[in-house]
Amino acid sequence: GACAVAAGGRIFIFGGSDGSSTLSSCEVFDPSSNNFTMLPTGMCSQRFGACAAAEGGRIFIFGGPAGSTALSSWEVFVPPLVASTPSEVATQPSVSAGSVAELRLEVSRLRAELSSAQAEVGRLRAVEGELAELRGRHERLEQEKRAAEHALSSCMQEKQRSEDSLAAARQEIRRLEERLSAVQPSLFDPQAPYSWNQARFPSSDVAGGGGGTRPSFL
């Protein structure tokens, strides 16, 4: 009815029965010396047919009936350090108690944290998708910007060509004006005299049937 587990090169035996009552004792067997040592501090509860497992430097004892009562509690036993004599072993045990209900609460808490973490992962994935979409929009805007800059550069080049053509046309006009001024200076002289001559209008061209004259430039 006792349960045993190996840890630290030794074997720990918990509980069981002496034939008349259920025990809460804890014994240590050292294979190197072939000796049993009874620890002065046993388990918190009497246990018969319990199960034990060692993990992380500690020993966990679960369940086991105590007389006619089936236990749902569990205990944590911290093995004593390896000692050279049984008396030194006997002064170093450490035992703490827990319950299955506490374990269930811890499992529930861990599950809640896991669910929260999964929800956060989902939210981060959604944010990652939005970020990818924004990056795509940014790339499209960059392409549109480059196209607009290219079109603006073409317009500026066309404007420069137009301005150059306009400047050349103005220069040609000035050159033609200079040639024309050299050929007919009087056309550009405001002091040049004008002469008039009287021309006779036909009588039909004058209102009232009378004759008339009209000036003409000579």
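Which residue forms a salt bridge with E158, and how far apart are the closest N and O atoms? Hold that thought for a moment. This is a predicted model. Now the reply. The partner is R161, and the closest N and O atoms are 2.4 Å apart.

Where do these two sit? Both are in helix 2, which covers residues 100-183. E158 and R161 are three residues apart there, so about one helical turn separates them. Neither side of this pair is buried away. E158 is partly exposed, at 41% relative accessibility. R161 is partly exposed too, with a relative accessible area of 45%.

Stay on helix 2 for another pair. E163 and K159 meet through their side chains in a salt bridge, at 2.6 Å from N to O. They are four residues apart in the helix, about one turn. E163 counts as partly exposed, at 36% relative accessibility. K159 also counts as partly exposed, at 43%.

Let me step back to the whole chain. The protein chain has two helices and twelve strands. In sequence order, the pattern reads β-β-β-β-β-β-β-β-β-α-β-α-β-β. The chain has 218 residues, and 17% of them count as buried. About 15800 Å² is exposed, and carbon and sulfur atoms supply 56% of that area. Now take contacts between residues at least 6 apart in sequence. Of these, 32% join residues at least 24 apart.

Next, the start of the chain. Strand 1 spans residues 3-7, and it pairs with strand 2 in the antiparallel sense over five bridges. V5 is opposite F12 of strand 2. The two strands make a hairpin, with two residues between them. G8 is in the turn, and its phi is positive, at about 65 degrees.

Strand 2 has a second neighbour. It pairs with strand 3, residues 26-30, again in the antiparallel sense, this time over four bridges. I11 has F29 of strand 3 as its bridge partner. How enclosed is strand 2 by the rest of the structure? Largely enclosed, because four of its five residues, 10-14, are buried. As a general point, side chains in a regular strand alternate between the two faces of the sheet.

On to the aromatic rings. The structure holds six aromatic pairs. Take F60 and W74. Their ring centres are 6.2 Å apart and their planes sit at 35 degrees, so this pair is tilted. The pair links distant parts of the chain. F60 is in strand 6, residues 58-62, while W74 is in strand 9, residues 73-78. That puts them 14 residues apart. Both F60 and W74 are buried.

W74 has another partner. Is its pair with F62 stacked or tilted? It is stacked, with 6.3 Å from centre to centre and 25 degrees between the planes. Here too, distant parts of the chain are linked: F62 is in strand 6 and W74 in strand 9, twelve residues apart. F62 is partly exposed, with a relative accessible area of 28%. W74 counts as buried, at 12% relative accessibility.

There is also a cluster. F12, F14 and F77 form one aromatic cluster. F12 is a residue we have met already, standing opposite V5.

Back to charges. The structure holds six salt bridges. One more of them deserves a slot here. E75 forms a salt bridge with R47, and the closest N and O atoms are 3.1 Å apart. E75 lies in strand 9. R47 lies in the loop between strand 4 (35-38) and strand 5 (51-55), so the pair ties together parts that are 28 residues apart in sequence. Are E75 and R47 buried or exposed? Both are buried. Contrast that with E158 on helix 2, which is partly exposed.

Last topic, the cysteines. How many disulfides are there? The count comes to zero. Why does C51 not bond to C3? Its sulfur is 7.3 Å from the one in C3, the closest cysteine sulfur, and that is too far for a bond. C51 is partly exposed, with a relative accessible area of 46%.

To recap: two helices and twelve strands, six aromatic pairs, six salt bridges and zero disulfides. And remember, the model is predicted.

Key
Residues are numbered from 1 along each chain as its sequence is written. This is a predicted model: local features need pLDDT of at least 70, side-chain atom pairs count only at pLDDT 80 or more; totals for chains, interfaces and linings use all residues. Side-chain values use heavy atoms; hydrogens and water are left out. Rings of Phe, Tyr and Trp (its six-membered ring) pair if their centres lie within 6.5 Å; planes under 30 degrees apart count as stacked, over 60 as edge-to-face and the rest as tilted. Buried means under 20% relative accessible area, exposed over 50%, partly exposed in between (1.4 Å probe, protein chains only). A disulfide is a pair of cysteine sulfur atoms within 2.5 Å. A salt bridge is a side-chain nitrogen of Lys or Arg within 4 Å of a carboxyl oxygen of Asp or Glu. Two strands pair if DSSP finds at least two bridges between them. Contact means heavy atoms within 4.5 Å. Accessible areas come from the Shrake-Rupley method with a 1.4 Å probe; for residues, only the protein chains shown count as cover.
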